[in-house]
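Reader: Hi! Could you walk me through the side-chain contacts in this one? I'll throw short questions at you as we go.

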Amino acid sequence: MKKYLDGKRVYLRPFEEGDAIHIYEALLNSEFRKLTGTQTFFAIDDIKAAYEKFKEDRTRLDFTIMLKETGAVIGDVALNEIDYLNNNGNVRIGIYDQEHYGKGYGPEALQLLLEYGFEVCNLYRISLNVFEYNKRAIKAYEKLGFVKEGVLRGELLYDGTYYDNILMSILRPEFKTEN
């Protein structure tokens, strides 16, 4: 198995063709859909096509999050919207199954990606968006050093309720390689 970024309990590897099924199944889970704000349903062929297209996009890097202990795919993470002129980027992460929530796998994977973004891609600022009800993620992002920058009020209409979209970022001088 090809490891790209190696952590203590997880590693990141490039997206492979067989990974589309994991994303497809995660998107069938109502909890995962709400945490990510996903309202569209995707066919597996749409997911495969999107990730093939992503491979050609020089402004993004997509990785599968692998659990070292078992070799299981537990999520994915991306550094996208990379602006090499201004040294900025955006991250997004998804842990697929509730059995892996709250165990620190997401923050560890994001830590690996932040190190890569700051040290290899020479980014100065990395941002993310998180919906107000995802308290666990907000806490994890703050532990990693992300700072709340603003709020897009009522941006997401989900199951008949409007939710705020919180904008957060971290700058290279704020980043600690070990959290």
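Reader: Which residues do ring pairs link into a cluster?
Author: Y4, F63 and Y116 are the ones joined by ring pairs. Bear in mind that this is a predicted model.

Reader: Fair enough. What is the mean pLDDT of the protein chain?
Author: The mean is 92, and 97% of the residues reach 70 or more.

Reader: And where is confidence lowest, and where highest?
Author: Helix 3 has the lowest mean, at 86, while strand 6 (residues 125-131) has the highest, at 98.

Reader: Back to rings, then. How many aromatic pairs does a search of the whole structure find?
Author: The search gives nine aromatic pairs. One of them is F15 with Y51, a stacked pair with 4.0 Å centre to centre and 20° between the planes. F15 is in the loop between strand 2 (10-14) and helix 1 (20-26) and Y51 is in helix 3 (residues 44-56), so this pair ties together parts that are 36 residues apart in sequence.

Reader: Is F15 buried or exposed?
Author: F15 counts as buried because its relative accessibility is 13%. Y51 is buried too, with a relative accessible area of 8%.

Reader: Got an edge-to-face example? What are the distance and angle for F32 and Y96?
Author: The F32 and Y96 pair is edge-to-face, with 5.8 Å centre to centre and 70° between the planes. F32 belongs to helix 2 (residues 30-36), and Y96 to the loop between strand 5 (88-95) and helix 4 (105-120), 64 residues apart. Both F32 and Y96 are buried.

Reader: Nice. What about charges over rings: which ring does the charged end of R33 sit over?
Author: That would be the ring of F41, with the charged end of R33 3.8 Å from its centre. There is also K34, which lies over the face of Y133 at 4.7 Å from the ring centre.

Reader: Switching to salt bridges. How many does a search of the whole structure find?
Author: Nine salt bridges turn up. Among them, D19 pairs with R13, their closest N and O atoms being 2.7 Å apart. D19 is buried at a relative accessible area of 4%, and R13 is buried at 3%.

Reader: Which residues are linked in a network of salt bridges?
Author: R60, D62, D76 and R92 make up that network. Within it, D76 and R92 meet at 2.6 Å, N to O. D76 is in strand 4 (residues 73-83) and R92 in strand 5, 16 residues apart. D62 also bridges to R92, with the closest N and O atoms 3.9 Å apart.

Reader: How accessible is R92 itself?
Author: R92 is partly exposed, with a relative accessible area of 28%. Its partner D76 is buried at 6%, and D62 is buried at 13%.

Reader: Last topic: which residues of helix 5 are buried?
Author: In helix 5 (residues 135-144), the buried ones are A137, I138, A140, Y141 and L144. Their arc around the axis is only 165°, so they lie on the same side of helix 5. K135, K139 and K143 are exposed on the other side.

Reader: What do the buried residues of helix 5 pack against?
Author: They pack against strand 5, helix 4, strand 6 and strand 8 (161-171). Just after helix 5 comes G145, with a positive phi of about 110°.

Conventions:
Residues are numbered from 1 along each chain as its sequence is written. This is a predicted model: local features need pLDDT of at least 70, side-chain atom pairs count only at pLDDT 80 or more; totals for chains, interfaces and linings use all residues. Side-chain values use heavy atoms; hydrogens and water are left out. Rings of Phe, Tyr and Trp (its six-membered ring) pair if their centres lie within 6.5 Å; planes under 30 degrees apart count as stacked, over 60 as edge-to-face and the rest as tilted. Helices (H or I, at least four residues) and strands (E, at least two) are DSSP runs, numbered from the N terminus. Buried means under 20% relative accessible area, exposed over 50%, partly exposed in between (1.4 Å probe, protein chains only). A charge sits over a ring if NZ of Lys or CZ of Arg is within 6 Å of the ring centre and within 35 degrees of the ring normal. pLDDT is the predictor's confidence in each residue, from 0 to 100. The arc is that of the directions from the helix axis to the C-beta atoms. Contact means heavy atoms within 4.5 Å. A salt bridge is a side-chain nitrogen of Lys or Arg within 4 Å of a carboxyl oxygen of Asp or Glu.
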